[in-house]
Structures are given as C-alpha cells and as structure tokens.
Amino acid sequence: MKYLKLNNDLEVSQLVFGCMRISEMSVSELDELIQCALEEGINFFDHADIYGGGKSEALFGEVLKLHPEYREKMIIQSKCAIRKGKVGYYDFSKEHIIYSVNQSIERLQCGYLDVLLLHRPDTLMEFDEVAEAFNELQQSGKVKYFGVSNMNSMQIQMLQKHLDQKLIFNQLQFSPIHCGMVTNGIFANMREEQSLDHDGSILEYCRMEDITIQAWSIMQASWAEGTFLDNPNYAAFNDCLQEYADQFNVSKSAIVIAWILRHPANMQPIFGTTKTRHLKEMAAGCSIELSREDWYHIYTKAIGRMLP
Ligand SMILES: NC(=O)c1ccc[n+]([C@@H]2O[C@H](COP(=O)([O-])OP(=O)(O)OC[C@H]3O[C@@H](n4cnc5c(N)ncnc54)[C@H](OP(=O)(O)O)[C@@H]3O)[C@@H](O)[C@H]2O)c1
C-alpha cells in the first residue's frame, strides 16, 4: 500500500474504503471486509450521514463495538449537509453541522471523527456559521481535520478565507470515463467543447493548494449504467484494460486504480466494493507503474477520445 503524509501529521493510505454501499451487509460480512482492508494496509474509511439513511454508519459501529482495537488503526471520515425534506436540500448551518457530527459519532461508536467533509455546496452557506461549527467541533475533540466534497475552486477559496482550519480534502467524481477536470486542461486553448471548464480548474487549484482529491465512483460509468467493467457499452475500453491486465497479471479494476494513481496529483481513489475478492484485486493496482504513454492510451480508449 502507498501512503500520503498530509498536513505534516496525517498518514493516509492512498486507497480509501467507501461505505456508501455497505448498509445491506451483515455485521460478520462487513467485519471480514474491514479486516481484509486493514490487512491490505488500508487505513482510511469514508462515510456520510446519509449512506443507507444512517444504516451504513450504524453497521460499521457494530463492527467497531466487536473490535475496539480497530479504531486506532483507522482514519474515519464522514460527511454532512445533504438533507431530506420537501425536496432534497443542502445545509451548512452551524446547528445542522454539529447535530450531524454528533449523530455520526454516536452511530459509528468511534468517539470522534478524524475528518469531516461538507458533502455538497450549500449556496445559502453563511461563512461565520461554518467557521463557528468547525471551531466548536475541533475544540471539543470531535473532529480533527476538515475538507469539502464536490466543490469548485472558487467555492473552496471563498469558504477557506473564513476558516481557521485548512481544508485538506476535496472529494470529486473521477475515473477514466468521468475526468472532465483532466480533459479541460488537455484541451486548453481549443474551440472544442472538451475545453469547457465546469469546475474552475479544480485539478490545478487543488494541486496548488495542497488539497488532496479523493476520487469517487472510480469504476462507474454512470448511476444509470452501473460499472463500466465488463459493460458491453464500453467494449473497446474493456479490451484496452484487459490488455494491461494481461501484461501486469492483475484485474482490469487494478489497472483503473493504477491509472488514477499515475496522475501526479496524488489522488486517493475511494472504492465502493462489498466483496473481499474485488478489494484485493484493486489493492494490487497500487504496485503497478503505468508509463506516461500507457496513461494516455487508457485515457483515449475510455470513451474514444482524441487528443487535440
Ligand atoms: N462525495 C460524493 O458525492 C460521493 C458520491 C458517491 C460516492 N462517494 C464515495 O465513494 C465511494 C465509492 O463510490 P462507488 O461505490 O460508486 O464506487 P465504485 O467502486 O466505482 O463502485 C462500486 C460498485 O461497483 C461494483 N463492481 C462491479 N464489479 C466490480 C469489480 N470488479 N471491482 C470492484 N467493484 C466492482 C461493486 O460491486 P461489488 O460490491 O459486487 O464489488 C459496487 O456495486 C462511496 O462508498 C462513497 O464513500 C462519494
């Protein structure tokens, strides 16, 4: 496993265990998956208050209750601010942030959160409220580090200006299929629509500001289509992945991990598998070094892209 040292004191595994899909597992199945992750050297676990309507955190908490010795080996992250109501909405109010963290800690039975992320930007955010919430949470020892998710560069800059804590993570969707933040850079200065920048040069901004990008849905084509792995709609891409899988004697998913890790932005891919076999296959991708040429080959084959 590869590790990153962040903020001078936080040592995180480059692979992250995502807990969005665990809510229907049994305690023993989840325990086995967590043990497998720890054996692979994975120390980072990503939650959100909304995963499984709270069931994902609660189930994870059951495992921690059975194995309190796991806690000190883990960096536990959760997210807040997506709420259900008349419609779904986003809430960065002080009251909600603190309420949500307290609930997460209770469900997870983990004592404190290592990291809290704001899940999606709340356009009604009041900076002072977020700042007060973060200060209270940090001073009470309930949260050690802070970050955001799905934010563009200007939103991060705007919020950061009002906070005492450095935002050290931004969680963003990223895979060979969904990589607009790379594509608009490659197409800079062109007239093609690929040059359109939806997120304010978020990749470059995070690299400049030492914000670690956590890549989510790394194996997904889209919510509707599910994974691109073995998906006939992505046959050419699968053939390309298979070519490298054969060359390195690993799975196609390992090649996807290697592709994400090859980017010098030092992203943390978050996987969402519920199977130990899939977890081990992906972990093998951490020791594969793709060449620059390999990286561009996979990038172009993913959805038949042409370079400018
Ligand atoms: N910040 C955000 O807005 C946001 C949004 C979405 C997700 N996330 C985070 O990102 C994490 C990962 O997202 P995700 O679950 O969409 O990621 P993913 O790893 O791209 O998808 C996991 C899904 O792919 C399936 N899959 C099929 N074949 C696979 C194979 N060979 N290897 C691995 N997986 C395979 C898995 O099924 P099996 O279980 O059968 O392996 C599982 O259903 C979440 O758990 C969450 O922590 C964050």
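For these entries I count Ala, Val, Leu, Ile, Met, Phe, Trp, Tyr, Cys and Pro as nonpolar, Asp, Glu, Lys and Arg as charged, and the others, Gly among them, as polar. I also note at the start that what I am looking at is a predicted model.

**Entry 1: the shell around the ligand**

I looked up which residues surround the ligand and found 26 of them, with Arg-21, Asp-46, Thr-273, Thr-274 and Lys-275 as the closest. Sorting the shell by class, I wrote down ten nonpolar, twelve polar and four charged residues. I then checked which elements contribute, and I found that strand E14 (268–271) and helix H10 (276–283) each supply at least two residues of this shell.

**Entry 2: polar atoms facing the ligand**

Next I went through individual atom pairs, beginning with Arg-21, which has a polar side-chain atom 2.6 Å from an oxygen atom of the ligand. For Met-219 I noted that a polar backbone atom lies 2.7 Å from an oxygen atom of the ligand. In the case of Tyr-51, an N or O atom of the side chain is 3.4 Å from a nitrogen atom of the ligand. I also looked up how much of the ligand is covered, and of the 900 Å² of accessible area that the ligand has on its own, the protein covers 88%.

**Entry 3: the largest pocket**

Which pocket does the ligand take up? I found that the space taken by the ligand is the largest pocket, and I recorded a volume of about 780 Å³ for this pocket. Its lining is made up of 34 residues, and those nearest the centre are Arg-21, Met-219, Gln-220, Gly-272 and Thr-273. The elements that give two or more residues to this lining are helix H9 (252–262), E14 and H10, and the largest share, four residues, comes from H10. By class, I listed twelve nonpolar, 14 polar and eight charged residues in the lining of the largest pocket.

**Entry 4: the second largest pocket**

I then turned to the second largest pocket, for which I noted a volume of about 330 Å³. It is lined by 13 residues, and Asp-49, Ile-50, Ile-82, Arg-83 and Lys-84 lie nearest its centre. Which element gives the most to this lining? Strand E6 (82–83) and helix H3 (94–108) each supply at least two residues, and H3 gives the most, with five residues. My last note on the lining of the second largest pocket is its division into three nonpolar, six polar and four charged residues.

Key: Residues are numbered from 1 along each chain as its sequence is written. This is a predicted model: local features need pLDDT of at least 70, side-chain atom pairs count only at pLDDT 80 or more; totals for chains, interfaces and linings use all residues. Side-chain values use heavy atoms; hydrogens and water are left out. A residue is near a molecule or strand if one of its heavy atoms lies within 4 Å of it. A polar contact is a pair of N or O atoms within 3.5 Å; within protein, one must be able to donate a hydrogen and the other to accept it, and residues adjacent in sequence count only if both atoms are side-chain atoms. Accessible areas come from the Shrake-Rupley method with a 1.4 Å probe; for residues, only the protein chains shown count as cover. On a 1 Å grid over the protein atoms alone, a cavity is a set of points where a 1.4 Å probe fits but cannot get out, and a pocket is an open set with protein on both sides within 12 Å along at least five of seven lines; lining residues have an atom within 4 Å of a point. A molecule sits in a cavity or pocket if more than half of its atoms lie within 2 Å of its grid points. Grid points are joined across faces, edges and corners, and a volume is the space filled by probe spheres set on the points.
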